[in-house]
Amino acid sequence: MACFIVPAVEAVATTVAAKVLESKAKESNVGDIQTESRVYSVAKKVRVLSNLLWGGSALLAFEHVWHGEVVPWFPFLTAAGSPADMTEMLHEMGTVGVSMALLVTVVWGIGCLVARRIEKHYDATTEHVER
């Protein structure tokens, strides 16, 4: 019914966080390239999470529109019409929506860890070759 709202709210938060990190990376151009690079790398990774959440939310919203659960007139969500449906909708948001948002975030985190290990391995390999 409205499970797509939870990942969409997280997407808004991560988009704001990515923009703040990107602006800090631009501001920290005092000469410390390593710090600037690290902040920009984190901002890029948060931007990836944001894109994953936005894409998933858009797909879920489309699916809910397709099934007639979201309509183009007020109150937009068909479940918001009666208190019983509203309770069911809030329960779905609290269970399914939160689960989906957490799953996407955990998978993203695992991807970041894998990328970090690959980077460390590459750095160690290149350091060994340079000697």
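# Reasoning from cut-offs

Student: How many disulfides does this predicted model hold, and what makes a cysteine pair count as one?
Tutor: The count comes to zero disulfides in this predicted model. Two cysteine sulfur atoms would have to lie within 2.5 Å to be counted, and by this rule there are zero such pairs.

Student: Why is C3 called buried?
Tutor: The cut-off for buried is under 20% relative accessible area, and C3 comes to 5%, so C3 counts as buried. C112, at 17%, therefore counts as buried too.

Student: What is the overall picture that these residues sit in?
Tutor: The protein has three helices and zero strands, and from the N terminus on the elements run α-α-α. Buried residues make up 23% of its 131 residues. Among contacts with a separation of 6 or more, 76% are between residues 24 or more positions apart.

Student: How do you know what span to expect for α1, and what does α1 reach?
Tutor: The expected span is 1.5 Å times one less than the number of residues. With 23 residues in α1, that gives 33 Å, and the helix reaches 33 Å from its first C-alpha to its last, close to expectation.

Student: Which residues of α1 are buried?
Tutor: They are V6, P7, A8, A11, T14, T15, A18 and A25.

Student: Why is T15 on that list of buried residues?
Tutor: Its relative accessibility is 16%, so T15 falls under the 20% cut-off and counts as buried. Leaving aside neighbours within four places in sequence, T15 is in contact with R47, S50 and W54.

Student: R47 makes me curious. What makes its pairing with E22 a salt bridge?
Tutor: The rule asks for a Lys or Arg side-chain nitrogen within 4 Å of an Asp or Glu carboxyl oxygen. For E22 and R47 the N to O value is 3.3 Å, so the pair qualifies. The pair links distant parts of the chain, with E22 in helix α1 and R47 in helix α2, 25 residues apart. The structure holds one salt bridge.

Student: Are E22 and R47 buried, exposed or partly exposed, and why?
Tutor: Partly exposed is the range between the 20% and 50% limits. E22 has 22%, so E22 is partly exposed. R47, at 23%, therefore belongs to that class as well.

Student: Which residues form the largest nonpolar core?
Tutor: This core has ten residues: M1, A2, F4, V6, V70, L77, A79, M89, M93 and A101. Its largest share, three residues, comes from helix α3. As for V6, its contacts beyond four places in sequence are M93, G97, V98 and A101.

Student: How many aromatic pairs are there, and why is F62 with W66 called tilted?
Tutor: There are two aromatic pairs. F62 and W66 are 5.8 Å apart centre to centre, with 45 degrees between the planes. Under 30 degrees would be stacked and over 60 edge-to-face, so an angle in between is tilted. F62 and W66 are four residues apart in helix α2, so about one helical turn separates them. W66 has 66% relative accessibility, which is over 50%, so W66 counts as exposed.

Student: And what makes F74 with F76 edge-to-face?
Tutor: Their planes stand 80 degrees apart, at 6.1 Å centre to centre; the angle is over 60 and the centres lie within 6.5 Å, so the label fits. F74 is exposed because its relative accessible area is 69%, while F76, with 44%, is partly exposed.

Note on methods: Residues are numbered from 1 along each chain as its sequence is written. This is a predicted model: local features need pLDDT of at least 70, side-chain atom pairs count only at pLDDT 80 or more; totals for chains, interfaces and linings use all residues. Side-chain values use heavy atoms; hydrogens and water are left out. Buried means under 20% relative accessible area, exposed over 50%, partly exposed in between (1.4 Å probe, protein chains only). Contact means heavy atoms within 4.5 Å. A nonpolar core is a set of buried Ala, Val, Leu, Ile, Met, Phe, Trp, Tyr and Cys residues joined through side-chain atoms within 4.5 Å. Helices (H or I, at least four residues) and strands (E, at least two) are DSSP runs, numbered from the N terminus. Rings of Phe, Tyr and Trp (its six-membered ring) pair if their centres lie within 6.5 Å; planes under 30 degrees apart count as stacked, over 60 as edge-to-face and the rest as tilted.
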